[in-house]
Amino acid sequence: MAVTIGLVAQLIEKLAPKFWAEEWDNVGLLVGAGSTPVKRILIALDGTLEVIAEAKEFGAQLIVAHHPIMFRPLKNLRSDNPAARLPLSLLDNQIGYYAAHTNLDQSSLSSSLSLGKILGLQEMKLLEEQPADNSFNRQCQSADVNEGTRGYGVIGYLDHKARLGTLWGQFLDQLSKSKLYARPYDLTGIRLAGAAEKEIRKVAIVNGSGSRFVPKALFKGADLLITGDADHHAVLDALEGGMAIGDLGHFLSEAPMLQSLYQYLTSEKSLQGIEIKVSEVNSSPWQ
Ligand SMILES: [Zn+2]
């Protein structure tokens, strides 16, 4: 049976059902048709013109991305409208676009979970649990987080107390050597707020824009919150509450999901023979 875009969507939604996505989000198949046969798939964090060009070069029929395009309603399909250029280019090149965003964040493929494993967090739990549902009970593949739960971020304990400065240095070193990323990325843009001597035991991690989780992480007693896009006021609130913040930048905090998606899709029997790759051009826009 030929692999179609619809089948790939089904496989992703087994782990990250669309109904988990936030109301404001825009997930699922955004461009293309479920019946289109697929031979090659490109995985990326963002849909950019460069990523679409790469997909074309690769001969992909589908881009699987974390961030949605057409996030705000489009009022025209003019080629001089930057927001319309992406869907127009996808249509021109007959490439489908599938986005798994806040539903993927809450799944067993989330970057927060992967980063927590690299840190060796013990007793890891979800930072913000969402109501349980039966589909997750059936599909949950993570032994680290209780079955029947889904949600954003993780929180857990280091196996030993560590000073912030030392821990952060070791963590970045582990990150650069880990297999969390499909390829080596420039670690530019990583920031740390907190005293180097601060003692760290409990760590919360939220991939992507994690500022809104500062109160939750403080409430749960985290000594350090590792996230992607911590804004100025969130950092001040964290420090005021006695919690340090490590900001990996949005891209690096979420790129482990590309690798998780790659591993998941390449291990699927029904996709054997399909060529899948993680984008080589998609990276942090910061230099
Ligand atoms: Zn994101």
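1. The protein is split into two domains: domain 1 covers 5-104 and domain 2 covers 106-254. Keep in mind that this is a predicted model. The C-alpha centres of domain 1 and domain 2 are 27 Å apart.

2. Next, where the domains meet. Ten residues of domain 1 are in contact with eleven residues of domain 2. On the domain 1 side, two elements each give two or more residues: α1 (5-15) and α4 (102-105). The largest share of that side comes from α4, which supplies three residues. By character, the domain 1 side that touches domain 2 has six nonpolar residues, three polar and one charged.

3. Now the sheet. It is open and has six strands, in the order β5-β6-β8-β9-β10-β7. The pairing is mixed. In general, strands of a sheet pair through backbone hydrogen bonds, either parallel or antiparallel. From one strand to the next, the twist averages 20 degrees.

4. Which strands stand at the edges of this sheet? They are β5 (122-130) and β7 (191-193). Each has a single partner strand, so one side of each is left without a neighbour in the sheet.

5. Look at the β5 edge in detail. Strand β5 pairs with β6 (residues 150-163) in the antiparallel sense, over six bridges. To find the register, start from K125: it stands opposite I155 in β6.

6. A helix packs on this sheet. Helix α5 touches β5, β6, β8 (199-205) and β9 (224-227). The direction of α5 makes about 15 degrees with that of β6.

7. Helix α5 also has a helical partner. Helix α5 (residues 111-119) packs with helix α11 (residues 256-267), their axes 8 Å apart. The angle between α5 and α11 is about 100 degrees. How do these two helices lie to each other, roughly parallel or roughly perpendicular? An angle of 65 to 115 degrees counts as roughly perpendicular, and α5 and α11 are therefore roughly perpendicular to each other.

8. The residues behind that contact can be picked out one by one. From α5 come S111, S114 and L115. From α11 come P256, M257 and S260. The contact residues divide into three nonpolar, three polar and no charged.

9. A suggested viewing order follows. Begin with the two domains, 5-104 and 106-254. Then trace the sheet from β5 across to β7. Finish on α5, which packs on the sheet and also packs with α11.

How values were computed: Residues are numbered from 1 along each chain as its sequence is written. This is a predicted model: local features need pLDDT of at least 70, side-chain atom pairs count only at pLDDT 80 or more; totals for chains, interfaces and linings use all residues. Axes are lines fitted to C-alpha atoms, for helices over the stretch in contact, and angles run from 0 to 180 degrees between N-to-C directions. Helices (H or I, at least four residues) and strands (E, at least two) are DSSP runs, numbered from the N terminus. Angles under 35 degrees count as roughly parallel, over 145 as roughly antiparallel, 65 to 115 as roughly perpendicular and the rest as oblique. Two residues are in contact if their C-beta atoms, placed from the backbone, lie within 7 Å. Ala, Val, Leu, Ile, Met, Phe, Trp, Tyr, Cys and Pro count as nonpolar, Asp, Glu, Lys and Arg as charged, and the others, Gly among them, as polar. Domain bounds come from an automatic or database domain assignment. Two strands pair if DSSP finds at least two bridges between them.
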